[in-house]
Amino acid sequence: MTTPGDSAAEIWPLWEVFVRSNRGLSHVHVGSLHAPDETLAVRNARDLYTRRSEGVSVWVVPAAAITTSDPDAKGAFFESPAGKNYRHASYYSKSEGVKHL
Amino acid sequence: MTDAVNKDSIEVDAHGHVAVDVTTLDAELIEGPSVATPDVAEYALWLGDDSLVLAQQLGAWISRAPELEEDVALGNVGLDLIGHARSLLHYAGTATDRTEDDLAYWRTEPDFRSLHIVEQPNGDFAHTIARQFIVSHYLFELHSRLRASADATLAAIAAKAVKEVDYHRDHSTQWVLRLAQGTDESRRRMITALSDLWPYVEEIFRDDPLIDRLEGIAVRPSSLRPAFDAAIAPVLAEAELEIPRGFVASGGGRTGKHSEHLAFLLAEMQVLTRAHPGASW
Amino acid sequence: MTSTITPDTSAPVAISVEEQQFNDLIEADSRIEPRDWMPEGYRKSLVRQISQHAHSEIIGMQPESNWITRAPSLKRKAILMAKVQDEAGHGLYLYSAAQTLGATRDDMTDALIAGKARYSSIFNYPTPSWADMGSIGWLVDGAAICNQVPLCRASYGPYGRAMVRICKEESFHQRQGFEILLELMQGTEEQRQMAQDSVNRWYWPALMMFGPPDDDSPNSAQSMAWKIKRHSNDELRQRFVNMLVPQAAVLGVTLPDPDLHFNEETQQWDLGEIDWTEFHEVLAGRGPNNAQRLQRRRDAHDEGAWVREAAAAYAHKQSARTEEMAAK
């Protein structure tokens, strides 16, 4: 299932843009834009999404190339972690008060 | 201003109030402590007027570009150039106690020092790109060398400008490739544009007695030609474009002899300011 | 369509699991994301509102870009250029949000240049003087911010996120407009007149930007139920006027409403009668600059067609070449 909004009918395809705002941080999705190819897409992304020095790195991905999980299967897809509280540190309460744990 | 904590942090609350925190801003203009000598001021005018005239032309594109993304891109280029123009004109003005605006708005045509190539009209997108391609490549070579100027202010201006014009060079290169090898129509337009603009290339690299007097401070225009030719050759080759032959325009911008276009451009740029002498904006 | 919000209790309607999920998310003040199920009416409303908003940003570039080449100082020229460029950026953020709902930019653009889509009527007024750059920033952008800040919490995720970016950037727009007017008001007699004349022309149209009065606003109730919109038109308009009055005093300009007065009881500024006939005229396409604005957009689009085609053709050739190389 691809990302919404992409349309083969458009003369310039849609690209999703991700910006790393600072070293040490992940690239975060900021929006999308149109460009004829990846070379101009990354430049358009720089011009559009980093006008106020918001970024140190930019990724562009063709919207059509993104695969997303199926929202209708949300329950099945994201149910599993529930009930597995032992994956979280706060589950282990007996060590409370012991330092460096 | 690369540090995220220095940026405007804006609180938007549900009640319609927008609060802006204090922020650390970069200096808007590059200003040195020094006062320019008359010769240095003249040289700063050369460069400042080129950037100003070109920025003025690019400003006219905004809201008219072939695609919205390109409105933003051309706007960025124009804004960079206005910044260079302001720093250079500010510095030129220190010699005669004039402001950047005194120089931009209150000089008439013969006192401008711009090259004919920047005065050429926007034309269609191909003409604007051809002009950008030539001028950005020249400006990149110029500022690369000017960074080593013995004049600290010019060197500082060039150090900032070179990174920006490097991007302009790339922007125009990308478009030269696409227009030259896109459709038949775009190729035809690109070839026409390049041959319309090429006659004005020679003037860019013409030396002048002023340069002899600024040894170590100014960059000798003729010395930039080999690097310019070497930089554009592979792009033109990839685009399968030939360097146009034909006449060489007479030029003369550096001594105040301008193309017919400049007077119209200045009339528009200066009209409001001149209607209100002494006013502040 | 309204049944999803206020089910008809007399005849219980079975609503689907998805619909229940949608209603629960709205109820919980959570966000709807692009691939979630949503009622068709919700989708349509959003596409209409977001694309109109995007068109407004794009058409809104024109009245100001008129002055870029004539800005009276280099600093003002740079600011104005940055501002108009921001508007192109805001249009793009919004088109991209609308696109997540399945609308294509081409379709939205076609609707705009064919004169079928709406945009904010305010941009159909002319900008004959430099002071209009001040009034647009102070009054028009000011009104826009009042309208837009609550939209940062709109129930549709991509719209809310686009609005957060826009609101952050717009705060500079309003301030620079205020500064332009302040400079003029502190300047020569001619400059002061220029400023006052401009405020006189923009004040009422800016108030009309909040839309018709609440009892005459067809789409408002549903939009509020869906939490796309959070405050009524009149509420926002009142809030705006309350903010303007002290600001006008700082500027030293007079707001052109002889009936404007402070109401001790409500602690609000009561305004005079708004002339809605003018609003409807402009909305109907009979404003001073409707035709010109659309023509310019159409020209830019048509004249740019060969460039867009060239870039697309180049991209096809390049990828064909890459595939050919890979095949060898």
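**Reading a sheet and two interfaces**

Author: In this predicted model, chain A holds an open sheet of 3 strands, whose order is β2-β1-β3 and whose pairing is antiparallel.

Reader: How do the strands of a sheet pair in general, and which strands are the edge strands here?

Author: In general, the strands of a sheet pair through backbone hydrogen bonds, and they may do so in a parallel or an antiparallel way. In chain A the edge strands are β2, covering residues 27-34, and β3, covering residues 57-62, since each of them pairs on one side only. From one strand to the next, the twist averages 25 degrees.

Reader: How many bridges join β1 to β3 in chain A, and which residue is the bridge partner of A:V19?

Author: Strand β1 of chain A, residues 14-20, is joined to β3(A) by 6 bridges, and the two strands run antiparallel. To follow one of these pairings in the structure, start at A:V19 and look across to β3(A), where A:V58 is its bridge partner.

Reader: Where does helix α1 of chain A lie with respect to the strands?

Author: Helix α1 of chain A, made of residues 38-49, lies across β1, β2 and β3 of that chain, and it runs at about 110 degrees to β2(A).

Reader: When I turn to the interface of chain A and chain B, how many residues are in contact, and how much area is buried?

Author: A careful reading begins with the residues on each side and then turns to the area. Here 16 residues of chain A are in contact with 15 residues of chain B, and the area buried between these chains is about 1,400 Å², with carbon and sulfur atoms giving 51% of it.

Reader: How many salt bridges and polar contacts are found there, and which element of chain A gives the most residues?

Author: Between chain A and chain B the count is 2 salt bridges, one of which joins the side chains of B:R178 and A:D37, with 2.9 Å from N to O. There are also 6 residue pairs in polar contact across this interface, counting pairs with both residues at pLDDT 80 or more. On the side of chain A that touches chain B, β2 and α1 of chain A each supply at least two residues, and α1(A) gives the most, with 7 residues. Sorted by class, that side of chain A has 4 nonpolar, 5 polar and 7 charged residues.

Reader: What do the same steps give for chain B and chain C, and which residues of chain B lose the most area?

Author: In this pair, 58 residues of chain B are in contact with 53 residues of chain C, and the two chains bury about 5,000 Å² between them, 66% of it on carbon and sulfur atoms. In chain B, the residues that lose the most area to chain C are B:S63, B:L68 and B:W281, which together make up 15% of what that side buries.

Reader: How many salt bridges are there between chain B and chain C, and which helix of chain B gives the most residues to the side that touches chain C?

Author: The count between chain B and chain C is 2 salt bridges, and one of them is formed by B:E69 with C:R105, whose closest N and O atoms are 2.6 Å apart. Helix α2 of chain B, residues 68-93, gives the most to the side that touches chain C, with 11 residues. By class, that side of chain B divides into 28 nonpolar, 15 polar and 15 charged residues.

Definitions and conventions
Residues numbered from 1 in each chain as written. Chains lettered and ligands numbered in written order. Predicted model: local features only at pLDDT ≥ 70, side-chain atom pairs only at ≥ 80, totals over all residues. Heavy atoms only, no water. Pairing = 2+ DSSP bridges. Helix = DSSP H or I, 4+ residues; strand = E, 2+ residues; numbered from the N terminus. Axes fitted to C-alpha atoms, helices over the stretch in contact; angles between N-to-C directions. Contact = heavy atoms within 4.5 Å. Buried area = accessible area lost by both parts, 1.4 Å probe. Salt bridge = Lys/Arg side-chain N within 4 Å of Asp/Glu carboxyl O. Nonpolar A, V, L, I, M, F, W, Y, C, P; charged D, E, K, R; others polar. Polar contact = N/O pair within 3.5 Å; in protein donor to acceptor, adjacent residues only side chain to side chain.
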